[in-house]
Amino acid sequence: MNYTFHWLPAFRALPDMLWGALVTLEIAVLSMVLGVFFAVLLAVGASSKYRVFRAAAVSWVELARNTPALFQIYMAYFGLGSLGIHLDSFVALLAGITFNNAGYLAETFRGGLRAVPQTQLRAARSLGMGQIQAFRLVMMPQMFRIVFYPLTNQMVWAILMTSLGVIVGLNDDLTGVTQEYNVRSFRTFEYFALAAVIYYLLAKFVTVSARLMAWRLFRY
Amino acid sequence: MAKGFGILAAAALTLAAVLPAQADKLDDIIASGTLRCAVVLDFPPMGSRDANNEPIGFDVDYCNDLAKALGVKAEVVETPFPDRIPALVSGRVDVGVASTSDTLERAKTAGFTIPYFAFTMVVLTKDGVGIKDYDSLKGKKTGSVSGTFEAMALESDVKKWGAGTTFRGYQNQADVFLALSQGQIDATVVTSTVAAAIVKEGKYKGLMMGGDAPYDIDYVALIALRNEQGLLNYLNLFVNQQVRTGRYKALYDKWIGLGEAPSLTVPGVYR
């Protein structure tokens, strides 16, 4: 390869890139919180007796899971823009990833709930618990245990998806900052390598802390 | 005898192994019979696509001229602005004929020829936003193509103006025009040639000029790998010949056509 690495100037960009990583983390966390909220609504909606709610929930999940995240984010920005609804780049990215997260998490929750045997509910009821009590004290903890790792997976996925923000003009997240430095100096490989390491560390931080949390939470 | 053959064979092998390594990029291009040019194709009139999706424009013709001079076939590789250097370094293209501004920062990475074109910048805005000149951009939402000369100049001014004025960097020119026509941004700064072409084309409704941007003249150069001095030397002579033979003016009249072809020299200094 006809290329000599210039690491020193790249390292000088590190503080800016770390600020970018903070924005990345912010978007990912917000998209997960909102995603879980909407996923619960979707899971409830999918088993609703009203056809309208069922149809809405099913089409959300289908669209979110079967189209590229890039397309969803682009639509949130330029698609809504053509209808006169102007989302800021940050909001459009957040909306796109939340849409995606909610779709995947709805299925995760549905699967988690189905994985807990119905006999558990019946056993709890026969012990004298009410419907809600049985759900909260017996079903929920078991479901949470099952969906916990898929949840952390989705969180990692959300962090990585924030890199798509550049297509809607976001220039202050990690990829945005990296791209700015890149185009200014043309030192693509150095900056992208640094960004990759930071993404790796962010993702690793999430999985390791999830593991530690699981160790604390799920002890018998 | 057998031993002599062995030595001869070994010598021949060594020669064969050593010779190709000494061929430089210029040799490689001539030997391969194809010149691969990185051209930005959402940047009319420098590069765009015609009704049949074929690449056309000043840069496309420039690449064809270069290939003809080298006696090889031209291959236009569509390359968005931010991907020009990666395309070059990864060996997907041989030269960039891609309106690349010759900044000192970039010259640490890529090899630049003498300028082959020069741009002046104008503000492009939309009806009813109330932007008449560059100063009225203060407090407005602006955006441009990430990595271009004008994007860097605009962003540094936006930072200077401070709170209220925003800047967004998009990945290609088409997205900037889309964002502008939809109202995601109020104004952008683009080269006067692009602005004229896009307003005339009328694909995006309501776009209009908002006066000149007070930047330095944006000299753009051909780019090649930094260490390919042989190729860069050839390219420099080629740029010179394009002007000398009148081809530069002909291409300017064909694709831009307004006024005089911009001068490519800076008074008072060599190069």
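The largest nonpolar core in this predicted model has 71 residues. Its best-connected members, those with the most contacts inside the core, are Cys37(B), Val39(B), Cys63(B), Val123(B) and Leu222(B). If you're looking for the element that gives the most to this core, go to strand S12 of chain B, residues 218-225, which supplies 7 residues. Domain 1 (23-118 + 220-255) and domain 2 (121-212) of chain B both chip in residues, so the core lies between them.

Val39(B) is a handy place to zoom in. Leaving aside residues up to four places away in sequence, Val39(B) touches a list that includes Gly47(B), Pro55(B), Cys63(B), Val76(B) and Val97(B). Charged residues turn up on that list too, among them Asp59(B) and Glu78(B).

There's also a second, separate core, with 47 residues, and this one includes Ala10(A), Met155(A), Leu170(A) and Tyr191(A).

That brings us to chain A. The unreviewed UniProt entry places "transmembrane region" features at residues 20-44, 146-171 and 191-214 of chain A. How much of 191-214 is helix? The span is 100% helix, and its end C-alpha atoms lie 35 Å apart. For residues 146-171 of chain A, the figure is 62% helix with 0% strand, and the end C-alpha atoms lie 37 Å apart.

Back in chain B, have a look at helix H6, residues 149-161. Its 13 residues reach 19 Å from first C-alpha to last, close to the expected 18 Å. The buried residues of H6(B) include Phe149(B), Met152(B), Leu154(B) and Val158(B), but also Glu150(B), Glu155(B) and Asp157(B). Just after H6(B), Gly162(B) takes a positive phi of about 80°.

Technical notes:
Residues are numbered from 1 along each chain as its sequence is written. Chains are lettered from A and ligands numbered from 1 in the order in which they are written. This is a predicted model: local features need pLDDT of at least 70, side-chain atom pairs count only at pLDDT 80 or more; totals for chains, interfaces and linings use all residues. UniProt positions are given in the numbering used here, feature names are shortened, and annotations may be inferred rather than shown by experiment. Helices (H or I, at least four residues) and strands (E, at least two) are DSSP runs, numbered from the N terminus. The expected span of a helix is 1.5 Å times one less than its number of residues. A residue is buried if 20 or more other C-beta atoms lie within 10 Å of its own, exposed if 12 or fewer, and partly exposed in between; C-beta atoms are placed from the backbone. A nonpolar core is a set of buried Ala, Val, Leu, Ile, Met, Phe, Trp, Tyr and Cys residues joined through C-beta atoms within 7 Å. Domain bounds come from an automatic or database domain assignment. Two residues are in contact if their C-beta atoms, placed from the backbone, lie within 7 Å.
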